[in-house]
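Biologist: I should like to learn how to read this model, feature by feature. Could we proceed from the general idea to the particular case each time?

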Amino acid sequence: MDQQKESQRAPRTLVVGDVHGCYAELMDLLDKAALRGDDRIVFVGDLINRGPHNRKVLEFVQATRQTGTVIGNHEFNLLRYYQGHTHTLKSSYHKVINELGADYRRHMDFIAKLPLTIELDEAVVLHAGLRPGVSLDHQDPWEVVNLRGLPPTGRPWYEFYTGKKPIIFGHWVRQHPLVLKNVIGLDTGCVYGGKLSAVLLPSYNLISIPARRIYAHKPAKCVQKNKAEV
Ligand SMILES: [Mn+2]
């Protein structure tokens, strides 16, 4: 058996950007990716909220073998409400709770166990960002799921990331995936009528699927205005 054929059969990992309940687009993306039996799917978090089919996305992730997901800020916010740490929640989250109905508790038990980071052979997956110079174990959880610009300049956290292992993240919506030397940003705003994007490892091939429609309007703070956008 020659080595090339052997490597073609090695399991791959598809890392998927913010889904936000866009189940139909997720299925389109998986069709396009043509995964094989032992390939893995890892999500950058924000599986839910603002989109149409939050329950279906959560059920798919829990029912499908070889999937993993980190927690996103939307799961984080809902979990804090569920656990009684806050009593305020935007209306879109209440729609998610209604959609989950009798299964709300079961899905929150799943969300409560989600990790902040998933370390793959090729890259580290997390939702939003990292403080430079702080080890993965010592990052502030709120920042891992929310960080964008760093004080005092507000420049994106990833401009300061010098780690050897690439970081794959979502959270910060841009028109096209962000591809830098050791950073890949996958949130291309599917729920806002953009596209759902993913990267297949270890080839680093990018795959995108257009949104079928606009499901929600984008809050201004989510838009990447920085010059670093490519
Ligand atoms: Mn998001």
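**Reading the model**

Modeller: Let us begin with a hairpin, in which two strands are joined by a short turn. Here β11 and β12 form a hairpin with three residues between them, and Tyr-204 in the turn has a positive phi of about 65°. Please keep in mind throughout that this is a predicted model.

Biologist: In which sense do β11 and β12 run, and how many bridges join them?

Modeller: The two strands run antiparallel and are joined by six bridges. One of the residue pairs can be named: Ala-198 has Ile-207 as its bridge partner in β12.

Biologist: To which sheet do these strands belong, and what is the order of strands in it?

Modeller: A sheet is read by following the strands from one neighbour to the next. This one is an open sheet of five strands in the order β3-β2-β1-β11-β12, with mixed pairing. Because β3 (67-69) and β12 (205-210) each have a single partner strand, they stand at the edges, and one side of each is left without a neighbour in the sheet. From one strand to the next, the twist averages 20°.

Biologist: How is strand β1 joined to strand β11?

Modeller: Strand β1 (residues 13-16) runs antiparallel to strand β11 (residues 195-201), and four bridges join them. Within this pairing, Thr-13 has Leu-201 of β11 as its bridge partner.

Biologist: There is another sheet to read. What is its strand order, and which strands are at its edges?

Modeller: It is an open sheet of five strands in the order β4-β5-β8-β10-β9, and its pairing is mixed. The edge strands, β4 (117-119) and β9 (178-179), each pair on one side only. Inside this order, strand β8 (residues 167-169) and strand β10 (residues 183-185) pair in the parallel sense over three bridges, with Ile-167 standing opposite Val-183 of β10.

Biologist: How should I approach the nonpolar interior?

Modeller: In soluble globular proteins, nonpolar side chains tend to be buried together. In this model the largest nonpolar core has 44 residues, of which Val-16, Phe-43, Leu-78 and Ile-111 touch the most other members. Helix α2 (residues 23-33) gives the most to this core, with five residues.

Biologist: Which residues does Val-16 touch, if those up to four places away in sequence are not counted?

Modeller: Val-16 touches Leu-26, Leu-29, Ile-41, Val-42, Phe-43, Val-44, Leu-186, Leu-196, Ser-197 and Ala-198. Apart from the largest core lies another, of 14 residues, among them Val-124, Tyr-158, Phe-169 and Trp-172.

Biologist: Let us turn to charged pairs. How many salt bridges are found in the whole structure?

Modeller: The search finds nine. In one of them, Arg-12 pairs with Asp-39, the closest N and O atoms being 2.8 Å apart.

Biologist: Why does the pair of Arg-12 and Asp-39 tie together parts that are apart in sequence?

Modeller: One should ask where each partner lies. Arg-12 is in the loop between α1 (3-8) and β1, and Asp-39 is in the loop between α2 and β2 (40-43), so the pair ties together parts that are 27 residues apart in sequence. Arg-12 is buried, with a relative accessible area of 16%, and Asp-39 also counts as buried, at 4%.

Biologist: Are Arg-155 and Glu-159 buried or exposed?

Modeller: Each lies between those two classes: Arg-155 is partly exposed at 36% relative accessibility, and Glu-159 is partly exposed at 33%. They form a salt bridge whose closest N and O atoms are 2.6 Å apart.

Biologist: Which residues are linked in a network of salt bridges?

Modeller: The network links Arg-55, Glu-59, Asp-103 and Arg-106. Asp-103 is in the loop between α5 (91-100) and α6 (104-112), and its salt bridge with Arg-106 has closest N and O atoms 3.5 Å apart. Leaving aside neighbours within four places in sequence, Asp-103 is in contact with Arg-55 and Glu-59. Asp-103 and Arg-55 are 48 residues apart in sequence, yet 8.9 Å apart from C-alpha to C-alpha.

Biologist: Finally, which residues coordinate the manganese ion?

Modeller: A metal site is read from its donor atoms. The manganese ion is coordinated by Asp-18 (OD), His-20 (NE2) and Asp-46 (OD), at 2.1 to 2.3 Å. Along the chain the donors follow the spacing D-x1-H-x25-D, and both Asp-18 and His-20 are buried.

Conventions
Residues numbered from 1 in each chain as written. Predicted model: local features only at pLDDT ≥ 70, side-chain atom pairs only at ≥ 80, totals over all residues. Heavy atoms only, no water. Pairing = 2+ DSSP bridges. Axes fitted to C-alpha atoms, helices over the stretch in contact; angles between N-to-C directions. Core = buried A, V, L, I, M, F, W, Y, C linked by side-chain atoms within 4.5 Å. Buried < 20%, exposed > 50% of the residue type's maximum accessible area, 1.4 Å probe, protein only. Contact = heavy atoms within 4.5 Å. Salt bridge = Lys/Arg side-chain N within 4 Å of Asp/Glu carboxyl O. Donors = N, O, S within 2.8 Å, 3.2 Å for Na, K, Ca; no water.
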